[in-house]
Amino acid sequence: MTKTFSLACFAVAVLAFAVSDLVNGGYDPLTETVSRYVNLPHGWLVTVGLLAVAAGSAAVAVRTAGSGRGGWLLHLWAGCVLVAAVFPADPPGNWSRPSLSDGVHGVAAWVGFLALAIAIVRLTTAWRREPAWASKAPVPTVLARASAVAFVLFAVAFVDRAALTHTAPLGLAERIVIALDLAWLALAAASVKPSPPAAGTTVRATARTTARTTARTTEGDVR
């Protein structure tokens, strides 16, 4: 169920972001980031897309439970996307005096993107040795490397747009990062098997079951 749920969420997110770019003609998608479109008449599409990404990513994080820091970074990414959806960005042009909502949105976005970039590299490196990824090994590796490079270029574009020439195609850079990240997350959702419960959890569950069975047997004997 988590696999189907994740893939459905990512499909909704891609559709919402694509339709947002099509129906909102007020901004240039090469220049403005996805989150700025929340201020246009059909801005609810951005919120829907972000919530879908958060939900799908959380489901992938659940499937990767037990994967160490990489799994926890996926949880952090999902939480940051949720925060970014709840706190919308300002309209374009408010770089010098952002609102509190925009500030929270921006911090959550950058923390989330960084957490996901690290998680993708760590998990891909670990999963390449897993049987489920054996036939797909080149694809996640290429996606992981491309995503890391795209994230760096996105950061450079942000710095240029905010403080240097102000001409970098920030919107395009962000959309490339989002596309690569969602592609990797979808592959992870489709390929990674849910982690088994921890040994301690299994032992406790077995002990409780045995105790209940013993109690019922004893009660029957007494009767």
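## Working through a predicted model

About 50 Å³ of space lies in the largest cavity. Keep in mind that this is a predicted model.

**Exercise 1. Work out how many cavities of 30 Å³ or more there are, and which elements line the largest cavity.**

Step 1: start with the count, which comes to one cavity of 30 Å³ or more.

Step 2: list the lining. Ser 35, Val 38, Val 46, Thr 47, Leu 50, Ala 84, Ala 85, Pro 88, Ala 89 and His 105 line the largest cavity.

Step 3: sort that lining by element. Two or more residues come from each of helix 2 and helix 3 (69-86).

Step 4: pick the top contributor. Helix 2 gives the most to this lining, with three residues.

**Exercise 2. Compare the reach of helix 1 with its expected length, then find which residues of helix 1 are buried and what covers them.**

Step 1: take the span. Helix 1 covers residues 2-23, 22 residues in total, and reaches 31 Å from its first C-alpha to its last. At 1.5 Å a residue you'd expect 32 Å, so the helix comes out close to that value.

Step 2: pick out the buried residues, those under 20% relative accessible area. In helix 1 they are Ser 6, Cys 9, Phe 10, Ala 13, Ala 16, Phe 17 and Ser 20.

Step 3: look down the axis of helix 1. Its buried residues fall within an arc of 125°, so they line one face of the helix.

Step 4: flip to the face turned away from the buried side. There helix 1 carries the exposed residues Thr 4, Leu 15 and Leu 22.

Step 5: see what sits over the buried residues of helix 1. The cover includes helix 2 (44-63) and helix 7 (170-191).

**Exercise 3. Are Cys 9 and Cys 80 buried or exposed, and how many disulfides does the structure hold?**

Step 1: check Cys 9. Its relative accessible area is 10%, so Cys 9 is buried.

Step 2: do likewise for Cys 80. Here the relative accessible area is 10%, so Cys 80 is buried.

Step 3: recall the chemistry. A disulfide covalently bonds the sulfur atoms of two cysteines.

Step 4: count them. The structure holds zero disulfides.

**Exercise 4. Place Leu 170 in its element, then say how far it is from Asp 160.**

Step 1: find the element. Leu 170 belongs to helix 7.

Step 2: check its exposure. Leu 170 has 3% relative accessibility, so it counts as buried.

Step 3: give both separations. Leu 170 and Asp 160 are 10 residues apart in sequence, and 8.8 Å apart in space, C-alpha to C-alpha.

Conventions
Residues numbered from 1 in each chain as written. Predicted model: local features only at pLDDT ≥ 70, side-chain atom pairs only at ≥ 80, totals over all residues. Heavy atoms only, no water. Helix = DSSP H or I, 4+ residues; strand = E, 2+ residues; numbered from the N terminus. Buried < 20%, exposed > 50% of the residue type's maximum accessible area, 1.4 Å probe, protein only. Arc of directions from axis to C-beta. Contact = heavy atoms within 4.5 Å. Disulfide = S-S within 2.5 Å. 1 Å grid on protein atoms, 1.4 Å probe; cavity = no way out; pocket = protein on both sides within 12 Å on 5 of 7 lines; lining within 4 Å. Points joined across faces, edges and corners; volume = space filled by probe spheres on them.
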